[in-house]
Amino acid sequence: MRGDGGGPGAGRAPGRAARRLGAARPAGRAKTKELLRHAPRCCPLASLHQASFTISLRTVDSITVVIKQRPSVSPSCQIRVKNVRRPELKINPGENVTFTFTCSTPEKYFIMEIQKNIDCVLGPCPFGDVQLYPPGLPRLNRTFIWDVKASTKAGLELKFSTPWLRQIEPGGTCPDFVSYNINSCIDTARVNIGTFCRNGSVSRVKLLGGVVMSLHLPWDSPLTTSGFSIANRASIKRLCIIESILNGESSVTLMSPNYPLGFPEDELMTWQFVVPSNMRASVFFHNYSLSNCERKEERVEYYIPGSLSNPEVFKLSDSQPANIAGSFNLSLQGCDQDAQNPGILRLLFQVVVQHPQVDENVTHLVDLSKEYNMTVTIHFKGWPGRIPLMSEPICLICKDPRTCDRVLTLVSGTVYKISFLCKDLSHLRITAEKGISCVDLRWCQRNIYSLSVPKAVTQLPIQLHKFIWKLLAPDLINTEITSPSLKLQQCVPEQRCNTSYRYSIVSATPETELKVGTFCPGGSIEKIQMRNNITISLETFGKGFLNESNRQDLKMSFVPHIKDECTFTVRPDPKAKVYLQTPNWLYGLPPYVSISWYIIVPSKQVARLGFSKDRMGITCETGRAYVNIKEETLRAEETVRREDELLPEPRNMYHNFWVNISNCKPVDKMQLDLQFWVTFADKQIDLGVILAVVAGAGVLTAIGLTVCCVKKKKKKSQNPMVGVYNADVNTQVPEKQGLFTKGRKNNESHVYAVIDDAMVYGHLLKESNGSVTPEVDVYRPFDGPIGSLPPSPPPFSFKKDIKRSPSTEEPSPLTDTDHDAYMFAHQKSGPLEDNGDANEENNGDTSTSLLENKEQEGLVE
């Protein structure tokens with residue numbers, strides 16, 4: 001073949017082309033201008049010169065050259081042969097063809113295939129280095145194909161020169177766009193051994209029967225040699241053998257033939273790994289699938305020099321051998337597949353070679369024998385969501401010298417001795433999970449469980465990433481979380497956690513999931529009571545947790561059913577400002593969920609309560625949303641606000657108090673999320689209060705004296721005061737016979753002045769702006785046990801549109817509460833003395849009417 005110029009665009013003789021155009025006669029100037037107008041603007045004038053090529057092929061070489069148009073490219077460029085334009089050109093053995101291209105950049109429009117047929121069955125094989133022949137071809141994207149026919153009784157060997165080859169997945173590209181493709185030909189069947197780039201570890205490929213070898217070169221590649229040789233070898237009695245040489249610390253990824261399609265049925269192939277004797281190799285299967293076998297079993301076999309059980313047989317699902325010293329072989333064996341449903345056998349795996357680790361013989365004892373229902377997983381950073389890159393440093397966890405992996409799971413009830421093949425243990429993390437369940441409250445209510453990380457985990461030289469407790473309880477059994485000494489702080493933007501670990505608490509039902517919040521130690525929350533199943537996740541940040549882990553005090557117990565979805569008991573630091581917010585902060589409180597906070601106020605201080613915004617910010621589609629505030633004291637005022645009203649202004653609270661937030665079903669995309677704060681200040685002694693108390697005492701003394709005087713002069717004809725009888729109060733005291741002649745039925749000790757209900761209690765329902773007229777019959781006093789239940793629900797008349805759950809438990813009435821809100825009475829501190837009254841029966845009521853006392857005193861006098 002002869003070419004009288006370089007490839008188009010190579011820039012040969014640019015001056016000659018310029019001189020031709022410059023020497024054009026005046027008569028041809030118009031034609032020259034027309035050529036310049038249609039020439040590509042980015043091309044110099046010299047590109048208008050078209051080079052011609054001559055390809056001469058000998059018959060004995062059995063080479064065919066085909067130049068054809070690239071797919072999906074417009075045919076705006078053609079091949080000219082003897083002034084005849086054609087879209088493609090085929091040159092057969094023995095032909096001599098001269099041609100040119102009609103465009104200046106033919107590499108954009110044409111590709112070229114050069115195929116050489118070699119028959120090693122009927123004639124001798126041209127063994128040795130394979131040449132790129134013929135030379136001097138046009139600069140087009142070209143593919144050299146060597147089709148070698150050989151008998152299955154004699155195998156062929158493709159030997160690659162350095163820097164050897166690296167296998168890639170089909171469809172992948174090489175950095176320099178130079179790639180090799182190897183196909184094995186047995187009779188009429190063709191199996192794709194793989195696609196390879198340069199710069200790898202694959203040094204040889206041995207095949208049974210013929211081979212079709214392809215080399216793809218881009219048009220601007222400087223490569224002038226094929227980079228491999230062909231040799232004849234004895235039959236290998238398997239599909240192929242791939243040799244991989246691993247020098248120094250390295251990693252190689254390989255795939256089974258026809259990947260990701262199926263490995264041929266009932267075939268056998270082998271990978272030979274050449275590893276220095278002072279290095280260690282580990283095998284990892286990253287992607288595999290199994291076919292449906294009728295006979296035999298798919299498996300992998302290892303031949304490891306020095307092993308006492310060669311070959312070592314593994315399933316593809318097993319953890320593969322690790323920490324292998326020196327060279328070894330790995331074979332993949334298929335099976336006889338089901339003809340109706342064959343399935344797919346495929347394998348992608350990685351071999352990692354490392355230096356022996358200094359501490360590989362150092363074992364760490366992990367004693368989980370006394371643990372129950374717990375798993376400990378040691379894994380690489382980012383597991384399981386992130387897949388580590390093949391180039392990343394390999395950290396292996398070994399439970400014996402040959403069983404190592406990137407991820408190792410340990411189960412409770414077992415003692416392990418583990419070691420690490422890793423230069424930097426900071427690439428590893430620990431994730432543990434423990435389950436605690438309760439079936440019978442009578443048994444598990446007596447137990448208090450410590451939610452602390454076991455020492456078997458903290459003693460490992462690996463950073464704990466997460467420890468998860470899953471607390472499972474049936475219906476009507478709830479969970480109580482306490483932190484007696486450290487207490488918990490809710491993580492909010494106004495009070496961020498700066499500790500080395502945090503707790504994330506989630507309450508879950510089959511229908512909904514309530515993210516209670518994120519908490520860290522060192523706050524004011526003593527106790528959290530929750531319904532449903534609970535998941536508590538401890539997450540660590542940095543290495544400081546190892547020092548702080550000894551001070552964990554989070555505890556858990558199972559308790560009877562609680563009224564609200566979640567109840568917090570808060571004992572704030574008197575000198576701090578505490579922020580508290582509703583659970584599920586990012587997503588809003590779920591519909592119809594009620595949350596309560598019980599805030600403890602020191603006896604010598606006053607708390608100030610305020611909300612971070614002035615409205616709830618929702619509109620209810622069904623039901624009503626409420627904020628209830630109630631101090632824990634007798635006859636305390638209960639503040640109620642609906643979702644359509646302003647939230648209370650900051651106010652002082654002098655006793656322990658409750659804050660309850662109940663949600664409705666908001667309209668779409670509206671969320672209920674509230675935050676409030678609590679601060680403390682010392683109580684101030686008010687001189688006016690002292691004077692008022694003294695004055696009040698004087699008035700009471702004067703009243704007592706007056707009553708005594710009046711009683712002395714009382715006449716029987718005096719008309720009784722108008723009153724209301726209260727049957728619940730026993731106003732009779734033991735009396736001596738003859739001193740109090742009237743019985744209870746005909747005396748006037750039970751008659752009192754009437755006090756109008758609305759005048760006394762109506763102001764509790766009246767809003768600060770005076771917009772609501774109180775109803776006389778709507779107030780219901782707080783009747784829950786003091787210190788154990790949140791405030792009573794909102795007034796019934798406000799909640800007519802809310803459906804109450806049949807399972808909701810009402811708080812039990814107080815047994816020692818005086819239900820008569822209108823009687824003046826005093827309580828005796830000591831037991832009532834027996835005055836010897838044999839006629840009247842004492843019912844145990846120690847409450848005595850003030851007027852009746854005075855009447856008795858008058859009679860005695």
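Here are four short exercises, with worked solutions, on the predicted model shown above.

**Exercise 1. Work out how the sheet containing β46 is put together.**

Start with the strand order: this is an open sheet of four strands, running β46-β55-β48-β52. Next, look at the direction of pairing, which is antiparallel. Now find the edges: β46 and β52 (651-653) each pair on one side only, and that makes them the edge strands. From one strand to the next, the twist averages 30°.

Let's zoom in on one pair. Strand β48 (residues 605-611) meets β52 over three bridges, in the antiparallel sense. If you want a spot to click on, try Ala607, which stands opposite Met653 in β52.

**Exercise 2. Do the same for the sheet containing β19.**

Read off the order again: β19-β28-β21-β25, an open sheet of four strands with antiparallel pairing. Its edge strands are β19 (250-255) and β25 (324-325), since each of them pairs on one side only. Then pick the pair β21 (residues 280-291) and β28 (residues 343-354): these two are antiparallel and share 10 bridges. One partner to look up is Gln350 in β28, bridged to Phe284.

**Exercise 3. Find out where the disulfide of Cys497 and Cys520 sits, and which hand it has.**

First, a reminder: a disulfide is a covalent bond between the sulfur atoms of two cysteines. The whole structure has 10 disulfides. In this one, the S to S distance between Cys497 and Cys520 is 2.1 Å, and the cut-off for calling a pair a disulfide is within 2.5 Å. The torsion about the S-S bond is about -80°, so the disulfide is left-handed.

Now locate the two ends. Cys497 is in the loop between β39 (488-490) and β40 (501-508), while Cys520 is in strand β41 (residues 513-521), so the bond ties together parts 23 residues apart in sequence.

Are the ends buried or exposed? Buried means under 20% relative accessible area. Cys497 has 7%, so it is buried, and Cys520 has 2%, so it is buried too.

**Exercise 4. Describe the disulfide of Cys395 and Cys422, then find a nonpolar patch on the surface.**

The sulfur atoms of Cys395 and Cys422 are 1.8 Å apart. Cys395 lies in the loop between β30 (374-380) and β31 (396-400), and Cys422 in the loop between β34 (415-421) and β35 (428-437); the two are 27 residues apart. Both cysteines are buried.

For the patch, turn to Trp585, Leu586 and Tyr587, which together have about 350 Å² of accessible area. To place Tyr587, look in the loop between β46 (578-581) and β47 (594-599).

Conventions:
Residues numbered from 1 in each chain as written. Predicted model: local features only at pLDDT ≥ 70, side-chain atom pairs only at ≥ 80, totals over all residues. Heavy atoms only, no water. Patch = residues over 30% accessible without salt bridge, like charges linked within 9 Å, V, L, I, M, F, W, Y side chains within 5 Å. Areas by Shrake-Rupley, 256 points an atom, 1.4 Å probe, with all protein chains shown as cover. Salt bridge = Lys/Arg side-chain N within 4 Å of Asp/Glu carboxyl O. Pairing = 2+ DSSP bridges. Axes fitted to C-alpha atoms, helices over the stretch in contact; angles between N-to-C directions. Buried < 20%, exposed > 50% of the residue type's maximum accessible area, 1.4 Å probe, protein only.
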